[in-house]
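Thank you all for making time this morning. I would like to walk you through one model, slowly, and define each term when we come to it.

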Amino acid sequence: MKIGYPCINRSLDCKGNRTFRLKSYSEERLIETVEKNLECLQNMLEFNTERDLYFFRITSDLVPFASHEVNDFDWRAHFERRFKKIGKIIEGNDIRINMHPNQFIVLNSDKENVYKNSVEELRYHAEVLDSLGLDESAKIQLHVGGVYYDKEKSMNRFAERFLDLDDRLRNRLVIENDERSYSISDCLSIAEDTDVPVVADYLHHKIKNEGKSFEDIISRVSETWSEDDGRMMVDYSEQAEGEKEGRHAETLHEANFTKFLERTKDHDFDLMLEIKDKEKSAQKALKIAEKIKI
DNA sequence: TCACGTCAAGCAGAT
DNA sequence: ATCTGCTTGACGTGA
C-alpha cells in the first residue's frame with residue numbers, strides 16, 4: 001500500500017497550482033507559471049519521498065489554460081527536459097501518480113461542446129503524464145458525469161464515448177463513484193461494458209451505496225484493475241463532524257482510519273487521502289498503517 | 001498588506 | 001430563481 005494526498009502541500013512555501021486569469025493570459029505569463037509549478041512539483045515529490053509518501057495527485061492547474069483555444073504554445077516541447085527530469089524522480093522512487101480533472105469535465109454531457117471540451121481537457125491530462133514518461137498505471141480519475149433525467153441512457157453515453165477515445169488516453173482513464181448520482185455499483189456496471197477500472201471512494205460510498213457494505217463491494221472493484229493498470233486506487237476521506245454531509249474533515253481521525261484499514265485488510269491498494277490538512281494527515285495515516293501493519 | 005469580489009468551463013440538490 | 005460544493009481556493013484590484 002502506498003499513501004498519498006492531492007495536489008497541494010501546506011508545509012512547503014511553494015505553490016504547485018499557480019494559475020492566473022484568462023484576461024491576464026500571455027505566453028510569458030504561461031511560461032513563468034508552468035516553470036514555478038514544475039519546480040514546486042519537484043519539491044513536493046522530494047518532500048514526499050523523504051517521508052515515505054509514494055502516492056501523489058498532480059494538480060490539473062499544472063499548465064493553466066492548456067486545452068483552451070487561447071493557448072497555442074507548445075509547452076510540451078518547451079518543458080520537455082524538465083518533465084523528463086521529474087519523471088525520472090517519479091520512476092526512481094517508484095511513486096504512483098494520478099490526476100483528477102475538475103468538475104467541468106463531463107464526458108457524457110448532453111451538450112456537444114461540453115463533450116468536445118472535456119475530451120480536449122482529458123487529452124491535456126494525458127499529455128502531462130506522457131511528458132513525464134509514465135506508463136499507463138498513472139491514472140486520470142473522473143466521475144461518470146450527469147444524469148440528465150435518464151440514468152441508463154447517460155451511462156450508455158459514457159460507455160460509448162469512453163470506447164471511442166484513442167487507446168493512449170483511454171488506457172489512462174479510471175472512474176470514481178460520486179456521492180449523489182453514480183454509486184460504486186453503477187461504476188461496476190459501466191466497467192463490465194468497457195473494462196474501465198473503478199476507483200472506490202470511501203466517503204462517497206458511505207453517502208450513496210444501495211445498502212452494500214464497502215468490504216463486500218471492494219472485491220468486485222479490485223477485479224476491474226488489470227496488471228497494466230497497476231494496483232487498485234482507493235480514495236479515503238472523512239466527514240467533517242457537524243458539517244454538511246460530504247464535507248471533508250480538517251484532519252484525519254485515528255480511530256476512524258484504523259477501522260477503515262481493518263475493514264479493508266484483505267485488499268492491497270494505493271490510498272489517496274482527501275483530507276484538508278493534506279501531507280499532515282498523510283504522514284499520520286502512514287504511521288497508523290505501519291503500527292497495525294496490514 | 002489585507003479584504004473581498006471574482007474566476008473558462010457543469011451539474012445536481014438545497015434553499 | 002439562486003446558491004453551494006466539487007480533487008484543490010487563488011487571483012487581482014483597490015484601499
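I will begin with how the model is to be read, then turn to the strands, the core, two single residues and finally the DNA.

Please keep in mind that this is a predicted model, in which local features need pLDDT of at least 70 and side-chain atom pairs count only at pLDDT 80 or more, while totals for chains, interfaces and linings use all residues. Residues are numbered from 1 along each chain as its sequence is written, chains are lettered from A and ligands numbered from 1 in the order in which they are written, and side-chain values use heavy atoms, with hydrogens and water left out.

Let us start with the strands. Helices (H or I, at least four residues) and strands (E, at least two) are DSSP runs, numbered from the N terminus, and two strands pair if DSSP finds at least two bridges between them. Strand β3, residues 96–99, runs parallel to β4 and is joined to it by two bridges, and Asn98 has Lys139 in β4 as its bridge partner. Between these two strands the chain passes through helix α4, residues 112–131, in a β-α-β crossover that is right-handed, which is to say that, with the strands pointing away from the viewer, the path from the first strand over the helix to the second runs clockwise.

Strand β4 itself, residues 139–143, is mostly covered, since four of its five residues are buried, where buried means under 20% relative accessible area, exposed means over 50%, and partly exposed lies in between, with a 1.4 Å probe and protein chains only. On from there, four bridges join β4 to β5, residues 173–176, again in the parallel sense, and the partner of His143 in β5 is Glu176.

Strand β5 is also parallel to β6, with two bridges between them, and here Ile175 stands opposite Val198. The chain goes from β5 to β6 by way of helix α7, residues 184–194, and this crossover, too, is right-handed. In β6, residues 198–201, Val198 and Ala200 point one way while Val199 and Asp201 point the other way, and all are buried. Finally, β6 pairs in parallel with β7, residues 233–236, over two bridges, and Asp201 faces Asp235 there.

Now to the interior. In soluble globular proteins, nonpolar side chains tend to be buried together. A nonpolar core is a set of buried Ala, Val, Leu, Ile, Met, Phe, Trp, Tyr and Cys residues joined through side-chain atoms within 4.5 Å. The largest such core here has 87 residues, of which Ile97, Phe257, Phe260 and Leu273 touch the most other members, and its largest share, eight residues, comes from helix α1, residues 27–50. If we take contact to mean heavy atoms within 4.5 Å, then Phe257, leaving aside neighbours within four places in sequence, is in contact with residues including Tyr236, Leu252, Leu271 and Leu273.

Is a charged residue such as the next one, Arg57, buried or exposed? Arg57, found in strand β2, residues 55–58, is buried, with a relative accessible area of 5%. Its side chain makes a polar contact with the side chain of Glu274 at 3.1 Å, a polar contact being a pair of N or O atoms within 3.5 Å, where within protein one must be able to donate a hydrogen and the other to accept it, and residues adjacent in sequence count only if both atoms are side-chain atoms. Not counting residues up to four places away in sequence, Arg57 also touches several others, among them Tyr5, Asn98, Gln141 and Asp235.

The second single residue is His267, which lies in the loop between α10 (254–263) and β8 (270–273). His267 counts as buried because its relative accessibility is 19%, and, beyond four places in sequence, it touches Ile218, Ser219, Ser222 and Met232.

That leaves the DNA, where a residue is near a strand if one of its heavy atoms lies within 4 Å of it. DNA strand B is surrounded by 17 residues, the closest being Leu22, Ser109, Lys111, Val147 and Tyr148, and sugar and phosphate account for 47% of its atoms that come within 4 Å of the protein. A phosphate oxygen of DNA strand B is 2.3 Å from an N or O atom in the side chain of Tyr148.

For DNA strand C there are 25 surrounding residues, with Arg10, Lys15, Ser24, Arg29 and Asn102 the closest, and sugar and phosphate account for 58% of the strand's atoms that come within 4 Å of the protein. Which residue has a side-chain N or O atom 2.6 Å from a phosphate oxygen of DNA strand C? That residue is Arg29, whereas Asn102 has a polar backbone atom 3.2 Å from a base oxygen of DNA strand C. Let me end with Arg180, which has a polar side-chain atom 3.0 Å from a base nitrogen of DNA strand C and a polar side-chain atom 3.0 Å from a base oxygen of DNA strand B.
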